[in-house]
Amino acid sequence: MLTAIRRITRAGFIGFWRSAYVSLASIFVLTITLFVVGSTMFVDQLLTTSLKTIQEKVDINVYFEPTANQEDVDTIRTAIEAFPDVEQVTYVSREEVLAKYREENQNDETALIALEELDENPFGATIAIRAKNTTQYESIARFIMEQQETISPQNPPVIDEVNYEDSKASIDTLTSIIDTVERASYVILIVMIVAAILITFNTIRLAIYTAREEIAIMRLVGASNMFIRGPFMVQGMMYGLAAGVFTILLFYPILSWLGPKTEEFFDGFNLFSYFVSNFSDIFLLLVGVGIVLGLISSLLAIARYLRV
């Protein structure tokens with residue numbers, strides 16, 4: 001068994017170096033394929049980061065009545081924080097709202113004079129809510145109104161306004177964009193994998209075609225299908241390994257140049273830093289995909305020569 005594996009592996013290495021030009025052509029095609037796959041992955045990461053940044057800036061706000069009882073405000077706040085769809089809750093008290101208003105209008109004497117003429121703080125507390133997913137804002141807004149009905153069914157309302165309806169158009173648009181990008185990423189990835197297999201299959205098939213007479217002789221002397229197929233499987237895996245390494249070497253200078261530009265354009269996300277910090281995963285992914293593509297393409301290409 002071990003002897004057979006050694007012979008198959010040795011034959012694969014010999015075939016790889018003997019057909020140098022065909023090997024280079026196969027590696028070149030696989031490198032282009034892996035480069036496109038890797039580029040799709042990096043573009044998807046940029047889009048995901050951009051959408052996540054936008055999503056973090058989308059929220060809904062709850063404005064409480066100035067006369068609302070603080071105990072009722074705290075009850076609603078606690079219930080919102082415990083709601084499973086909520087990612088983050090930012091509470092601003094009445095005093096903080098007033099201080100912020102004074103700061104923003106410190107150069108507006110009319111606004112400050114009008115504020116001084118009031119006997120009490122005219123502002124109510126506010127809560128800014130960010131959901132875990134943009135599709136969850138509607139359920140959060142509905143939950144907030146249910147909490148108000150529970151706390152004060154007959155009393156004056158605690159909540160003055162929930163601005164979900166004002167933000168609904170933006171939230172729906174962002175949700176649509178996220179869904180479209182996710183679906184497009186999956187479709188592009190599937191198309192690229194199929195195209196990679198087809199292109200690599202035809203290229204490796206050329207390498208096998210040059211050895212068709214050798215395959216015929218091996219069949220005549222009674223060689224098993226595995227012994228015939230094995231060296232080409234090894235060659236296909238070598239093509240994939242070499243292509244994966246070349247692809248990584250190709251990405252390094254490109255991403256090193258693009259990194260500062262993406263950091264400036266994509267709100268601090270440096271694509272080169274992402275590449276370096278996830279280098280082992282990216283390397284294993286590209287090399288692994290290359291080896292699998294080379295192996296599958298070799299198996300498909302040699303199949304026609306093994307038919308009885």
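Student: Across which strands does α6 lie, and at what angle does α6 run to β3?

Tutor: Helix α6 lies across β1, β2, β3 and β4, and runs at about 145 degrees to β3, where angles go from 0 to 180 degrees between N-to-C directions and axes are lines fitted to C-alpha atoms, for helices over the stretch in contact. This is a predicted model, in which local features need pLDDT of at least 70 and side-chain atom pairs count only at pLDDT 80 or more, while totals for chains, interfaces and linings use all residues. Residues are numbered from 1 along each chain as its sequence is written, and side-chain values use heavy atoms, with hydrogens and water left out.

Student: What makes β2 and β4 edge strands of the sheet?

Tutor: The open sheet is formed by 4 strands in the order β2-β3-β1-β4, with antiparallel pairing. At its edges, β2 (86-92) and β4 (159-162) each have a single partner strand, so one side of each is left without a neighbour in the sheet. On average, neighbouring strands are turned by 20 degrees against each other, direction ignored. Helix α3 (residues 70-82) also packs on the sheet, touching β1, β2, β3 and β4 (contact means heavy atoms within 4.5 Å), and its direction makes about 160 degrees with that of β2.

Student: How do you know that β1 and β3 pair, and how many bridges join them?

Tutor: Two strands pair if DSSP finds at least two bridges between them; since 4 bridges join β1 (residues 60-64) to β3 (residues 126-131), the condition is met, and the two run antiparallel. Within this pairing, Tyr63 stands opposite Thr126 in β3.

Student: Why is Gln148, in helix α6, called buried?

Tutor: Buried means under 20% relative accessible area, exposed over 50%, and partly exposed in between (1.4 Å probe, protein chains only); at 8%, Gln148 falls under the first limit and is therefore buried.

Student: What makes the approach of the Gln148 side chain to the backbone nitrogen of Ile159 a polar contact?

Tutor: The side chain of Gln148 reaches that nitrogen at 2.5 Å, which is within the limit, because a polar contact is a pair of N or O atoms within 3.5 Å; within protein, one must be able to donate a hydrogen and the other to accept it, and residues adjacent in sequence count only if both atoms are side-chain atoms.

Student: Why is the aromatic pair of Phe83 and Phe143 called stacked?

Tutor: Rings of Phe, Tyr and Trp (its six-membered ring) pair if their centres lie within 6.5 Å, and planes under 30 degrees apart count as stacked, over 60 as edge-to-face and the rest as tilted. For Phe83 and Phe143 the values are 4.3 Å centre to centre and 20 degrees between the planes, so both conditions are satisfied. The pair links distant parts of the chain, with Phe83 in the loop between α3 and β2 and Phe143 in helix α6, 60 residues apart. Both residues are buried.

Student: How do you know that Phe279 and Phe283 are stacked?

Tutor: Their ring centres are 6.0 Å apart and their planes stand at 25 degrees, so this pair is stacked as well. Being 4 residues apart in helix α11 (residues 279-303), Phe279 and Phe283 are separated by about one helical turn.

Student: Why does Phe279 count as partly exposed?

Tutor: Its relative accessibility of 34% lies between the two limits, so Phe279 is partly exposed, and Phe283, at 28%, is partly exposed too.
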